[in-house]
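Let's take a friendly walk around the ligand site of this protein. Have a look at the sequence and the structure below before reading on.

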Amino acid sequence: MRYILGIETSCDETSVAVLEGRATHASIVASQADLHAQWGGVVPEAAARQHVERLHPILQQALDTAGIELRQIDAIAVTNRPGLIGALVVGLAAAKSLAFALRVPFVGVNHLEGHLYSAFLTEPDSDIPFPHLALIVSGGHTELVLARGHGDYQLLGHTLDDAAGEAFDKTARLLQLGYPGGPEIDRRARQGDPNAFRFPRAQVAGWRFSFSGLKTAVRREVERLQAQGALNAQAVDDLCASFQQAVVDALIEKAVSAARAYGAPTLTVVGGVAANSALQAQMRTACQRAGLNLKIPPPNYCTDNAAMIALAGYFRLLAGERAAYDLDAYANAPLGDDSRPQ
Ligand code: KG4
Ligand code: ZN
């Protein structure tokens with residue numbers, strides 16, 4: 001098994017990657033963000049249709065970038081859960097057809113498992129350390145996971161309401177900063193004062209998070225400033241910085257204490273929000289203080305990509321896993337739940 005093809009279509013990024021063993025030769029991502037920006041969020045049917053249009057040109061681009069022919073592919077890994085069903089089905093059907101035509105094995109990968117592996121994409125030659133503690137922070141998920149081995153995960157806690165990325169996107173919409181909101185809030189926050197507004201840090205027991213109270217507090221502040229005619233550019237920068245700081249504080253506090261509690265020497269931060277510059281800088285300082293080894297993927301591997309799916313699939317294929325042609329797609333699927341048709 002030399003070349004693995006990865007396919008990711010679970011949300012609004014169409015992505016195809018080629019790995020040789022653990023080394024990435026190509027990871028092409030076509031984002032649909034511009035399309036969905038007009039609606040202020042992802043429209044599922046539009047996402048699925050875009051995947052149909054784009055998947056094969058991107059497959060060709062990935063093969064060209066890797067410098068190989070389709071017939072050289074030895075196995076295929078595809079995201080089959082969780083995600084938007086219509087979007088997932090496009091990638092899954094393509095993966096099955098390719099596996100059938102090429103007579104190669106394929107496996108279905110949990111998108112969250114892909115994010116877990118994204119922390120190690122740039123280190124193909126070093127062993128993946130177990131146990132490690134992973135903070136998954138994306139548009140749809142905010143979870144703390146103890147990774148004990150390949151395919152052996154314990155979900156410690158998740159958000160009770162909004163995901164961290166969702167909180168960024170909703171706050172950006174409130175401030176009319178466009179979609180997706182995370183990168184723009186990150187940019188505006190650099191010019192703002194994180195102490196200008198004191199937003200609440202939710203006190204949630206255990207390894208869980210909550211961001212809906214924060215979202216409401218920002219909305220109230222925006223309404224108050226609007227009523228006073230004081231919602232100027234500086235106020236928006238300050239709101240962004242103060243909101244972002246509240247999210248960053250919550251994420252760092254829980255992730256570092258969970259890593260300590262479970263004796264995990266390595267902490268990974270993965271998913272789109274892991275690209276946040278304040279989170280990265282402050283998490284680095286906190287981990288140094290706590291004596292933890294920190295791994296955050298480069299920005300192009302924080303957000304959705306097929307390289308991470310191919311890497312997760314690589315370990316499943318190595319362990320002998322093979323999917324059957326009746327493998328289905330699932331909108332909801334917790335990490336570590338391997339009860340799926342094989
Ligand atoms: O992992 P991802 O690409 O897709 C999901 O699986 O959800 O994450 C997308 C999320 C969006 O909510 C986006 O606003 C957020 O990641 N994001 C950021 C940044 N870059 C992307 N949030 C904060 N700061 C960023 N720099
Ligand atoms: Zn994701």
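## Who surrounds the ligand

Ligand 1 has 21 residues around it, and G139, D169, G182, D186 and N276 come nearest. Please keep in mind that this is a predicted model.

What kinds of residues make up the shell? By class, the shell around ligand 1 has 12 polar residues, six nonpolar and three charged.

## Polar contacts and burial

Some contacts involve oxygen atoms of the ligand. D304 places a backbone N or O atom 3.0 Å from an oxygen atom of ligand 1. With G140, a polar backbone atom is again the partner, at 3.3 Å from a ligand 1 oxygen. H115 takes part through its side chain: an N or O atom there is 3.4 Å from an oxygen atom of ligand 1.

How much of ligand 1 does the protein bury? Taken alone, ligand 1 exposes 560 Å², and the protein buries 89% of that.

## The pocket and its helices

If you are browsing the pockets of the model, the largest pocket is the space taken by ligand 1. Three elements each give two or more residues to the shell around ligand 1: α4 (111-118), α5 (164-174) and α6 (181-189). The biggest giver is α6, with four residues.

## Where the site sits

Why does ligand 1 lie between two domains? Domain 1 (3-117 + 301-318) gives residues to the shell around ligand 1, and domain 2 (129-296) does too, so the ligand lies between them.

Technical notes
Residues are numbered from 1 along each chain as its sequence is written. Chains are lettered from A and ligands numbered from 1 in the order in which they are written. This is a predicted model: local features need pLDDT of at least 70, side-chain atom pairs count only at pLDDT 80 or more; totals for chains, interfaces and linings use all residues. Side-chain values use heavy atoms; hydrogens and water are left out. A residue is near a molecule or strand if one of its heavy atoms lies within 4 Å of it. A polar contact is a pair of N or O atoms within 3.5 Å; within protein, one must be able to donate a hydrogen and the other to accept it, and residues adjacent in sequence count only if both atoms are side-chain atoms. Accessible areas come from the Shrake-Rupley method with a 1.4 Å probe; for residues, only the protein chains shown count as cover. On a 1 Å grid over the protein atoms alone, a cavity is a set of points where a 1.4 Å probe fits but cannot get out, and a pocket is an open set with protein on both sides within 12 Å along at least five of seven lines; lining residues have an atom within 4 Å of a point. A molecule sits in a cavity or pocket if more than half of its atoms lie within 2 Å of its grid points. Ala, Val, Leu, Ile, Met, Phe, Trp, Tyr, Cys and Pro count as nonpolar, Asp, Glu, Lys and Arg as charged, and the others, Gly among them, as polar. Domain bounds come from an automatic or database domain assignment.
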